[in-house]
Amino acid sequence: MGETIHIYHTNDLHSHFSNWPRIKNLLSERKRWHQEEGDVCLILDIGDHVDRSHPYTEGTAGKGNVELLNDAEYDAVTIGNNEGITLSKKELEELYVQADFDVIVANLYEPDGKRPEWAKPYQLLKTQGGLTIGLVGATAEFTPFYKRLGWTITDAKDAIIEAVEAIKDEVDLIVCLSHLGVKEDEYLAELCPEIDVILGAHTHHIFHEGKMIGDTLLGAAGKFGMYIGHVTIEPAIHEKKAELIETSSLRGSDEDFNDMLIEQGKSQLNEPVFYNEDELKAEWFKDSQLAELFGEALLEFSGADCAIFNAGLFMEDMPVGETTRYDFHKMLPHPINPCLISLTGAELKEIYQQSLNAEWPNIELKGMGFRGAVFGNIIRINLEMKNHQLFIGGKLAGHNETFQLVTLDMFTFGYFFPSLKRAPKKYFMPEFLRDVFSQYFRSKAVK
């Protein structure tokens, strides 16, 4: 009957390491089983394994995640937006230096049009039974963010189709590592029926038994390592099927594993920033000195006239005494960048009025880089309404006068403030909010 091909896949772990010992144990066990049976076993990750909200990832700039993938004997990965746009260009260039696996991403380039040395548009694998498996892959197109970091990102579906065209006559099976999202995967299956399997990510979707579109099987394993995907392919009888393995049901849990990684990250982030003489409380539903100082930091960093952000950003109080990079990471764990936006007085007045939405503070916000619990109150710095008129920095804002607003990149995606999606803007990268805040205090300490 020939070889059976087993593909195990994970995606969107986002540095949730509690399940990792179970995942590694299962993958090691299954690889041994399949090899003993003379079958093929591939282990793939579909991106966003890295998430800098975890101190271990932050402290190692993602290289700790690569060590974990090496230890679990992964064969190939693609990158997600967390690898691609939350690391500096230099950090991403160095991320996979010690990787024992291939990195498949067809739509990422240097500004001069060359591919990065560490990335491949496709990879061909030859099995002992003589089959050739082609791996192709691409990542989501966060174009302005990649450009700001010094990368060029191209249309993902076009890049995948181009890679498929390059290899389709040489392979028996094509597997796509797609960090594009479920709708894009479904469309890709229709556009490129030569792909046999699309393993998906990015939108954290779940296909318990896969999904067939034409002759293409789609697989997806949710998020945070809650599931491991398993695709079985019987080339001799043209059969393929998918299942999900729930990690909570597996043996091999190490309750101390995540705590151990947190401690490692803490030790790598123990660099002192300044000495704090007064505790600053994190308040989600009212103004606070902590939020006021953060607003000052944003204004000083960006040169803006005013600022808007949400109080739910602050996950910890700022402690009394020596304050380290780890303390700032705990307080602001989000992979969120500041953004400077040019707006007229009339546009800012509209933004101000939208920010009065009474439902926002209690929203349990997930995604867009936010790693907190609830949205919290909107904090407005240098913005005030009196008698239905907008004042910026204490001065009446002219209707057609142009001002600079500094805010969060997540507010530019259009969910909360639709007009910010269209407005001229400048993303500050690779600085995260915690970098801006710690730099502010560091500069005050030097003075």
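Which residues are linked with Arg-52 in a network of salt bridges? The exercises below begin with this question, and they concern a predicted model.

**Exercise 1. Name the members of the network that holds Arg-52, and describe the setting of Arg-52 itself.**

Step 1. The network of salt bridges links Arg-52 with Glu-58, Glu-91 and Arg-434.

Step 2. Arg-52 is placed in the loop that runs between strand 2 (40-45) and helix 2 (55-60), and its side chain makes a polar contact of 2.7 Å with the side chain of Glu-58.

Step 3. With a relative accessible area of 8%, Arg-52 falls under the 20% limit, and therefore Arg-52 is buried.

Step 4. As background, side chains of opposite charge can pair when their charged atoms come close. In the whole structure there are 18 salt bridges.

**Exercise 2. Follow the salt bridges of Lys-89, and decide for each partner where it lies.**

Step 1. Lys-89 meets Glu-93 in a salt bridge with an N to O distance of 2.8 Å. Both residues belong to helix 5 (residues 89-95), where they stand four residues apart, about one turn of the helix.

Step 2. Glu-93 is partly exposed because its relative accessible area is 32%, whereas Lys-89, at 19%, counts as buried.

Step 3. Lys-89 also forms a salt bridge with Glu-110, and here the closest N and O atoms are 2.6 Å apart. Since Lys-89 lies in helix 5 while Glu-110 lies in the loop between strand 5 (108-109) and strand 6 (122-126), the pair ties together parts that are 21 residues apart in sequence.

Step 4. Both Lys-89 and Glu-110 are buried.

**Exercise 3. Work out which parts of the chain are tied together by the salt bridge between Asp-317 and Lys-281.**

Step 1. The closest N and O atoms of Asp-317 and Lys-281 are 3.1 Å apart, and the two residues form a salt bridge.

Step 2. Asp-317 lies in the loop between strand 16 (306-310) and strand 17 (321-324), and Lys-281 in the loop between strand 15 (272-276) and helix 10 (289-302), so this pair ties together parts that are 36 residues apart in sequence.

Step 3. Asp-317 is partly exposed, with a relative accessible area of 25%, and Lys-281 is partly exposed as well, with a value of 42%.

**Exercise 4. Asp-48 and Asn-387 have positive phi values; say for each residue whether it is buried or exposed.**

Step 1. Asp-48 has phi near 60°, a positive value in a residue other than glycine, and it is found in the loop between strand 2 and helix 2.

Step 2. The relative accessibility of Asp-48 is 2%, and therefore Asp-48 counts as buried.

Step 3. Asn-387, which is not a glycine, has a positive phi of about 50°, and its place is in the loop between strand 20 (383-386) and strand 21 (389-392).

Step 4. At 71% relative accessibility, which is over the 50% limit, Asn-387 counts as exposed.

**Exercise 5. Find the residues of the negative surface patch, and locate Asp-256 in the fold.**

Step 1. The patch is formed by Asp-254, Glu-255, Asp-256, Asp-259 and Glu-263.

Step 2. Asp-256 has its place in the loop between strand 14 (239-246) and helix 9 (257-268), and with a relative accessible area of 54% Asp-256 is exposed.

**Exercise 6. Set separation in sequence beside distance in space for the pairs Lys-168 with Gly-134 and Asp-185 with Ala-76.**

Step 1. Lys-168, in the loop between helix 7 (156-167) and strand 9 (173-179), is partly exposed, with a relative accessible area of 30%. Lys-168 and Gly-134 are 34 residues apart in sequence, and their C-alpha atoms are 8.0 Å apart in space.

Step 2. Asp-185 belongs to helix 8 (residues 182-191) and, at 2% relative accessibility, counts as buried. Asp-185 and Ala-76 are 109 residues apart in sequence, and from C-alpha to C-alpha they are 19 Å apart in space.

**Exercise 7. Identify the form of the peptide bond that leads from Met-429 to Pro-430.**

Step 1. This peptide bond is cis, with omega near 10°.

Step 2. Pro-430 is found in the loop between strand 24 (425-427) and helix 14 (433-446).

How values were computed
Residues are numbered from 1 along each chain as its sequence is written. This is a predicted model: local features need pLDDT of at least 70, side-chain atom pairs count only at pLDDT 80 or more; totals for chains, interfaces and linings use all residues. Side-chain values use heavy atoms; hydrogens and water are left out. Patches are made of residues with over 30% relative accessible area and no salt bridge: like charges are joined within 9 Å, nonpolar side chains (Val, Leu, Ile, Met, Phe, Trp, Tyr) within 5 Å. Accessible areas come from the Shrake-Rupley method with a 1.4 Å probe; for residues, only the protein chains shown count as cover. A salt bridge is a side-chain nitrogen of Lys or Arg within 4 Å of a carboxyl oxygen of Asp or Glu. Lys and Arg count as positive and Asp and Glu as negative; His and the chain ends are not counted. The place of a charge is taken as NZ of Lys, CZ of Arg, CG of Asp or CD of Glu. Helices (H or I, at least four residues) and strands (E, at least two) are DSSP runs, numbered from the N terminus. Buried means under 20% relative accessible area, exposed over 50%, partly exposed in between (1.4 Å probe, protein chains only). A polar contact is a pair of N or O atoms within 3.5 Å; within protein, one must be able to donate a hydrogen and the other to accept it, and residues adjacent in sequence count only if both atoms are side-chain atoms.
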